[in-house]
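Biologist: I'm new to this one, so could you take me on a close look at how the helices at the start of the chain sit against their partners? Take your time with it.

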Amino acid sequence: MNSQNGKKYGWYHEQWGKPTRDDRLLFILLTVGTFQAGLSWKAAAGKLDVFLKNFYNMEIQKVAGMMPDDVERIMKDPDMIRNPRKINATIQNAQAILAVQEEYGSFAEYMWDFVGGVPRLNVYEEAYEVPNVTPLSKHVAKDMKKHGFTFVGPVVTYMFMKASGMIQDEVLNHEQH
């Protein structure tokens with residue numbers, strides 16, 4: 001059973017920190033961040049197959065067009081994290097991505113502009129120094145909200161930017177204390 005769980009969220013661990021400019025993958029990572037709020041990353045990342053099944057294979061255009069009856073259908077799926085606010089946020093975020101694509105050419109272009117197009121490396125001496133929010137993530141979260149995104153507080157935004165490789169936190173001292 002444990003190896004099965006490992007496979008379920010292993011994709012997220014594999015992807016973590018690898019720079020991506022794929023709008024669909026960015027949408028998937030943002031969705032995991034949305035559903036992760038208040039849960040563990042494993043709980044949310046382990047639901048990729050469920051997200052793909054319920055959200056039209058995470059095709060941004062199709063998700064953006066989802067209606068209230070789609071939300072009701074998803075809420076009936078026992079495998080789903082059944083939080084209507086997070087389900088609606090996923091639909092709203094897909095709509096926001098379409099608007100951003102219209103304005104910036106791609107969701108990736110919009111997001112990567114915040115770090116000047118290259119991964120931003122933060123170096124810390126100790127693991128405890130790595131923050132879960134930064135001035136940059138506060139700024140990006142605020143801008144994303146202006147563009148119609150929801151469930152993108154500074155903590156979720158920071159995790160999303162780290163997951164998609166825009167921000168890379170390096171810890172120099174790996175000794176266990």
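Modeller: Here is a walk along the early helices, their ring pairs and the loop that comes a little later.

Keep in mind that this is a predicted model. Let's start with helix α1, which spans residues 2–15. One residue to pick out there is W11, which sits in this helix. If you skip its neighbours within four places in sequence, W11 is in contact with I28, L29, V32, A45 and L48. W11 also comes within sight of G46: the two are 35 residues apart in sequence, yet their C-alpha atoms are 8.8 Å apart in space.

Now look at Y12 and H13, both of which belong to α1 as well. H13 is the one with a record attached: an unreviewed UniProt entry annotates it as "binding site". Is H13 buried or exposed? With a relative accessible area of 57%, over the 50% cut-off, H13 counts as exposed. Y12, on the other hand, is buried, at a relative accessible area of 4%.

On to the rings. A pair of aromatic rings is described by the distance of the centres and the angle of the planes. The structure has 11 aromatic pairs. One of them joins Y12 and W41, with 5.7 Å from centre to centre and 25° between the planes, and it is stacked. Because Y12 lies in helix α1 and W41 in helix α3 (residues 41–45), this pair ties together parts that are 29 residues apart in sequence. While Y12 is buried, W41 is partly exposed, with a relative accessible area of 29%. Next comes the pair of F35 and F51, whose ring centres are 4.8 Å apart and whose planes stand at 35°, so this pair is tilted. It too links distant parts of the chain: F35 is in helix α2 and F51 in helix α4, 16 residues apart. Both F35 and F51 are buried. Elsewhere, ring pairs join Y104, F107, Y110, F114, F149 and F160 into a cluster.

F160 leads us to the next stop, as it is one of the α10 residues that α2 meets. Two packed helices are described by the angle between their axes and the distance between the axes. For α2 (residues 23–36) and α10 (residues 154–163), the axes come within 9 Å and cross at roughly 145°. The crossing of α2 past α10 is right-handed. Which residues meet there? From α2 there are L26, L29, L30, G33, T34 and Q36, and facing them from α10 are V156, M159, F160 and A163. Sorted by class, this contact has seven nonpolar residues, three polar ones and no charged ones. You've seen L29 before: it is also among the residues that W11 touches.

Last, follow the chain to the loop between α4 (48–54) and α5 (60–64), where you'll find Y56. M58 is found in that loop too. Most residues other than glycine have a negative phi. Y56, though not a glycine, has a positive phi of about 45°, and M58 also has a positive one, near 60°. How accessible are they? Y56 is partly exposed, at 36% relative accessibility, whereas M58 is buried, with a relative accessible area of 1%.

Technical notes:
Residues numbered from 1 in each chain as written. Predicted model: local features only at pLDDT ≥ 70, side-chain atom pairs only at ≥ 80, totals over all residues. Heavy atoms only, no water. Axes fitted to C-alpha atoms, helices over the stretch in contact; angles between N-to-C directions. Helix = DSSP H or I, 4+ residues; strand = E, 2+ residues; numbered from the N terminus. Left-handed = near helix turned anticlockwise from the far one by under 90°. Contact = heavy atoms within 4.5 Å. Nonpolar A, V, L, I, M, F, W, Y, C, P; charged D, E, K, R; others polar. UniProt positions renumbered as here; feature names shortened; annotations may be inferred. Buried < 20%, exposed > 50% of the residue type's maximum accessible area, 1.4 Å probe, protein only. Phe/Tyr/Trp six-rings, centres within 6.5 Å; stacked < 30°, edge-to-face > 60°.
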